[in-house]
Amino acid sequence: MLDWLIGRTAGRRFKLWLFKGSTQKDTPHATPHKQHPWWQVMCLTGVDYFSTLGYQPGIAFLAAQALSPIATLILVLLTLFGALPIYNRVAEESPHGEGSISMLEHQLSRWKGKLFVLVLLGFVATDFVITITLSAADATAHVIENPFTPQILKHQIGVTLALIAILGVIFLRGFKEAIGIAVVLVGVYLFLNTIVIGFGLFQLATHPYHFPEWKQALFNHPSVHGSPWLIIGVSLFLFPKLALGLSGFETGVAVMPLVKGDTDLSEKDWASIQSTRIGHDELKSRHLLRGRIRNTTKLLRSAALIMSVMLISSSFVTSILIPAEKFAEGGEANGRAIAYLAHEFFGNIFGSVYDLSTIMILWFAGASAMAGLLSIVPRYLPRFGMAPEWARAARPLVIVIIAIAFAVTLIFKADVDAQGGAYATGVLVLMTSAAIAVTLAVRRKQGNWYRYLAIAIIFVYTTIQNIHERPEGIKIASFFILTIILASLFSRVYRSTELRVERIELDDQARQFIKDAAKGTIRIITNRRDKGDADEYAQKEHEKRTSNHIPTGEPILFFEVTPSDASEFSGALAIRGETVDGYRILRTESPAVPNAIAAFLLYLRDEMGKLPHVYFGWSEGNPISYLLKYIAFGEGDTAPVTHEVLRQAERDSNRRPIVHVGG
């Protein structure tokens, strides 16, 4: 008996620990963390964005060989004149960090919007999960290739899994403020990269024979046949393979709530705000919000400029100074081109320092991706009813994400090159969706949307080309999409009989109706409104009084629930009182009719201190079709579903509202 009690207590403690820190249900505008200057938050996004320098030059050379600097230049132009304007606009449209997914959700209604969001979440999962596994795999490559690494650590899959596990343990313990760590990691990493790349450029300048050799290799590329126009054309065809260098923009917008809004607004901004004639607190809030948007655009612009310079210079230096065979699988520069030069230029001690810096930032890039998933999943899936309530808690999600990351690592055998296509696919689809969202938003506001449409078309081309060249990316993305959709639908069906009402709001007349009814037995007749005239209510009252033996003088209330957007899962129930020729009617709207009725009955019980009676009529038809109609449209065979919702919400049958079915 004692062992059983100890085990039960331990299980309760574990459950409390596991679900500690569950996120709030509806806090899209909340700022749960301390705010920081924009350049510090840039470092948080930079652990993901800048860390791609660890493997981007190698992947670029494998994709384009001598053409990689030209293809990288095209990628940089797309970054500065495509991605940057798009995400500046996303920041304006979603200053609380909702991002482009939320923008698209608002463009599409009902189930179309929810399904589209689920598909995008599949690509988000692809992007962030592969960020975790790809970064850990590349960090492992730096560990293995370092000459001081002991033999016991030279196991690609084992070390990668260990790094992912350590990441999971940190998040299970509770992930504290990461910006301070990110600032140090990014600062050191960029400083070391500047030294290595700068020395490489010095080598190119002081050894002029390198450039003619590269030029000869460029024109001898088998696809260009010595033509400058073909060099540009083939580079345009190949640059989508380098799309890893575009990562980081979506993260930059997602962390907007961490960006501190400043007070440095122009007179024009102040005049625009003050002209709205709003209160002081609202004025201050809008003021800070505009400051946050301004600072986020600084963040995005600075990160894009830094990364663009690094991408072009690193591509030139690595593709010219490193022999081609070193980039091949198993080569010393495979997945670690700049690290290879660090060892070659400055020896193994400096190279080891560079390796350690790269390992840390690549590993911390996984932390950035994990934080992104822990922010995005609770924001959408539980709200849609497409994930259980425990998905609002961080620790259970961490366990699920780490398990998925383990599976992906084993499937791809911790190979950096093999995972690059999946990562690029996730990044490009998100950027394409952002471009489309911005185009639609600007068009709706009758702005100059054509330039955004042009950018969207370029991203569509880039995405299609990447999928064509590296189909494994869309395969794994499809797996994530299918898994999320199936799990979401299962969760939606499983959770369909929850109350799904967060609060109940009554107007004055509805409150008075209930107060009067509570003087005796509270009797509620449910009605699906047709004409809504006195004859309809007279007939309904006569039918229910006769079939349920309700005394003639006993007062009744009609309760009508109009189905609203059935794709929504929960929300507030706003009930208003109305009269039609003396009949008292309570009316409301809800995504699910039976759940709203059940929630209202429990509310009456708790507020009035007595059990209400509710009266339904029998439904005629196939019960299976009613079930499907309830799941898809929120209504069906209302009586039995209402009873089941009540049964699950209140286990004590003596405290359960009384349901009558007849007629």
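The following exercises, each with a worked solution, concern helix packing, empty spaces and one residue in a predicted model.

**Exercise 1.** Describe how helix 14 and helix 15 pack, and state which class of residue makes up their contact.

*Solution.*
Step 1. Two packed helices are described by the angle between their axes and the distance between the axes.
Step 2. Locate the two elements: helix 14 covers residues 337-384, and helix 15 covers residues 394-411. Their axes are 10 Å apart and form an angle of about 120°.
Step 3. Classify the angle. Angles over 145 degrees count as roughly antiparallel and those from 65 to 115 as roughly perpendicular, with oblique for the rest outside the roughly parallel range; helix 14 is therefore oblique to helix 15.
Step 4. Add the handedness: the crossing of helix 14 with helix 15 is right-handed.
Step 5. Identify the residues in contact. Helix 14 contributes Met370, Leu373, Leu374, Val377 and Pro378, while helix 15 contributes Ala394, Leu397, Val398, Ile401 and Ile402.
Step 6. Sort them by class: the contact has 10 nonpolar residues, no polar ones and no charged ones.

**Exercise 2.** Determine whether helix 4 and helix 16 are oblique or roughly perpendicular to each other, and name the residues through which they meet.

*Solution.*
Step 1. Helix 4 spans residues 68-93, and helix 16 spans residues 416-444.
Step 2. The angle between these helices is about 60°, and their axes lie 9 Å apart.
Step 3. Since the roughly perpendicular range begins at 65 degrees, helix 4 and helix 16 are oblique to each other.
Step 4. Helix 4 passes helix 16 in a left-handed crossing.
Step 5. On the side of helix 4, the residues are Ala83, Ile86, Tyr87, Arg89, Val90 and Glu93. On the side of helix 16, they are Leu430, Met431, Ala434, Ala435, Val438, Ala441 and Val442.
Step 6. By class, this contact of helix 4 with helix 16 has 11 nonpolar, no polar and 2 charged residues.

**Exercise 3.** Give the geometry and the residue classes of the contact between helix 16 and helix 18.

*Solution.*
Step 1. Helix 16 and helix 18 pack at an angle of about 65°, and the distance between their axes is 7 Å.
Step 2. The crossing of helix 16 with helix 18 is right-handed.
Step 3. Ala418, Gly421, Ala422 and Thr425 of helix 16 meet Glu472, Gly473, Ile474 and Ile476 of helix 18.
Step 4. The resulting contact has 4 nonpolar, 3 polar and 1 charged residues.

**Exercise 4.** Characterise the lining of the second largest pocket and that of the second largest cavity.

*Solution.*
Step 1. Rolling a probe the size of a water molecule over the atoms shows where empty space is left.
Step 2. Begin with the pocket: the second largest has a volume of about 710 Å³. It is lined by 32 residues, and the closest to its centre are Leu381, Val400, Ile404, Thr483 and Ile484.
Step 3. Helix 6, helix 14, helix 15 and helix 18 each supply at least two residues of this pocket lining. Helix 18 gives the largest share, 10 residues.
Step 4. The pocket lining has 28 nonpolar, 3 polar and 1 charged residues.
Step 5. Turn to the cavities, of which the structure holds 5 of 30 Å³ or more. The second largest cavity has a volume of about 90 Å³. Among its 14 lining residues, the closest to the centre are Asp127, Ser247, Gly248, Phe249 and Glu250.
Step 6. Helix 6, helix 11 and helix 16 each supply at least two residues of the cavity lining, and helix 16 gives the most, with 4 residues.
Step 7. The cavity lining has 8 nonpolar, 3 polar and 3 charged residues.

**Exercise 5.** Place Gln203 in the structure and list its contacts beyond its neighbours within four places in sequence.

*Solution.*
Step 1. Gln203 belongs to helix 8, residues 179-206.
Step 2. Gln203 and Val317 are 114 residues apart in sequence, yet their C-alpha atoms are 8.8 Å apart in space.
Step 3. Apart from its neighbours within four places in sequence, Gln203 is in contact with His210, Leu321 and Phe345.

Key. Residues numbered from 1 in each chain as written. Predicted model: local features only at pLDDT ≥ 70, side-chain atom pairs only at ≥ 80, totals over all residues. Heavy atoms only, no water. Axes fitted to C-alpha atoms, helices over the stretch in contact; angles between N-to-C directions. Parallel < 35°, antiparallel > 145°, perpendicular 65-115°, else oblique. Left-handed = near helix turned anticlockwise from the far one by under 90°. Contact = heavy atoms within 4.5 Å. Nonpolar A, V, L, I, M, F, W, Y, C, P; charged D, E, K, R; others polar. 1 Å grid on protein atoms, 1.4 Å probe; cavity = no way out; pocket = protein on both sides within 12 Å on 5 of 7 lines; lining within 4 Å. Points joined across faces, edges and corners; volume = space filled by probe spheres on them.
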